[in-house]
Amino acid sequence: MKHTRILLLALSLSLPLVAVAADDPAVAQLTQRLLTIQANPDTAELAAFQRLQAQQAVADLAKAKRRDVDQARYLADRRVEIAESSVRAALAQREVDRLERTRSELLIEASRRDAVRARQEAERLRVQAQIQAEESERLRVAAETEALARQDAETALTSVAGKQTARLSAAQQNAAKLAREEAELVSGQKLPGSKFDTRGEVFTFNGDAFAAGKGTLSGGAKGQAKALAEYLNIGKKGRVRIEAYDAAAGVGQQRADALRDALVAAGVSASRLQASGKKAAATKARSAEVIIAP
């Protein structure tokens with residue numbers, strides 16, 4: 001019901017935009033990009049909220065006074081880009097889901113074939129044992145051959161699963177990239193550097209995030225925390241672990257608590273956050289890490 005109301009409102013906003021598009025080429029171009037999404041049956045129902053925001057921004061551009069046109073055009077263009085990026089991210093997630101279903105079907109089919117082959121082999125061995133006991137050596141060789149064939153089949157299945165996992169990882173990282181761009185746009189701040197490892201997605205605050213021996217966030221680190229909070233609220237719903245470092249006893253925990261409080265103040269639920277101080281020297285490259293569980 002909520003999505004239906006959003007789509008109806010988006011359609012009502014697009015009608016006046018079409019009427020004024022002929023007077024402003026920028027409005028015409030942005031309106032056409034939004035209408036292209038609406039006209040495609042594969043994307044017509046995706047990213048409805050972002051498209052509504054984009055349509056509102058285009059409507060504001062169409063009504064903007066001359067002194068406000070440049071700013072209104074920039075905002076409208078960015079909102080349309082966010083809507084298009086959100087649609088692409090939704091399509092990517094749809095493809096991820098399809099690949100996961102395909103992988104499950106492949107695993108089930110492989111398991112079924114293995115079971116059939118195992119039953120057939122057991123029957124063959126029973127019959128041969130009854131007919132000729134002296135053929136045990138031949139049966140041993142045949143069993144070894146079957147084991148090699150099974151190993152080849154498992155290797156092939158592992159290869160297929162590995163390719164699907166790589167595609168899934170690529171799609172997830174692309175979705176994360178889009179979410180980072182949106183978080184920076186909405187917050188007006190830059191996110192700290194990040195990477196993916198076995199722990200999940202890790203954001204690293206450098207040594208400038210805190211004054212030497214202090215547990216208070218610097219101005220730049222507060223901005224990064226604001227952008228990170230926006231990122232966590234856009235699409236990352238799992239638990240988050242905060243680890244901060246300093247050689248002095250207790251300072252690491254103060255830093256972790258300060259970073260946690262900044263995220264909570266920016267809108268992240270406190271129940272998702274776990275803050276932990278580490279008694280280890282902070283470096284120029286790292287004074288704290290925020291780890292998002294996979």
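**Notebook: a mixed sheet and one buried threonine**

I began with strand S3 (residues 240-246) and strand S5 (residues 288-292), which pair in the antiparallel sense over 5 bridges; I count two strands as paired if DSSP finds at least two bridges between them. Strands (E, at least two residues) and helices (H or I, at least four) are DSSP runs, numbered from the N terminus. I noted that this is a predicted model, in which local features need pLDDT of at least 70 and side-chain atom pairs count only at pLDDT 80 or more, while totals for chains, interfaces and linings use all residues. Residues are numbered from 1 along each chain as its sequence is written, and side-chain values use heavy atoms, with hydrogens and water left out.

Within the S3 and S5 pairing I looked up two bridges: Ile242 has Val290 of S5 as its partner, and Ala244 has Ala288 of S5.

Next I asked in what order the strands of the sheet lie. The sheet is open, has 5 strands in the order S1-S2-S5-S3-S4, and its pairing is mixed. Strand S1 (193-197) and strand S4 (273-279) form the edges, each pairing on one side only. Neighbouring strands are turned by 20 degrees against each other on average, direction ignored.

On S3 and S4 I recorded a parallel pairing over 7 bridges, with Asp246 standing opposite Lys279 in S4. The chain passes from S3 through H7 to S4 in a right-handed β-α-β crossover, that is, with the strands pointing away from the viewer, the path from the first strand over the helix to the second runs clockwise.

I then looked at what lies across the sheet, taking contact as heavy atoms within 4.5 Å and angles, from 0 to 180 degrees, between N-to-C directions of axes fitted to C-alpha atoms, for helices over the stretch in contact. Helix H6 (residues 219-234) lies across strand S2 (200-205), S3 and S5, at about 165 degrees to S2. Helix H7 (residues 251-265) lies across S2, S3, S4 and S5, at about 155 degrees to S4. S3 is mostly covered, with 6 of its 7 residues buried, where buried means under 20% relative accessible area, computed with a 1.4 Å probe on protein chains only.

Last, I turned to Thr43, in the loop between helix H2 (25-39) and helix H3 (48-63). Is Thr43 buried or exposed? Thr43 is buried, with a relative accessible area of 6%, and, not counting residues up to four places away in sequence, touches Ile37, Arg51, Val87 and Leu91.

Terms used:
Buried < 20%, exposed > 50% of the residue type's maximum accessible area, 1.4 Å probe, protein only.
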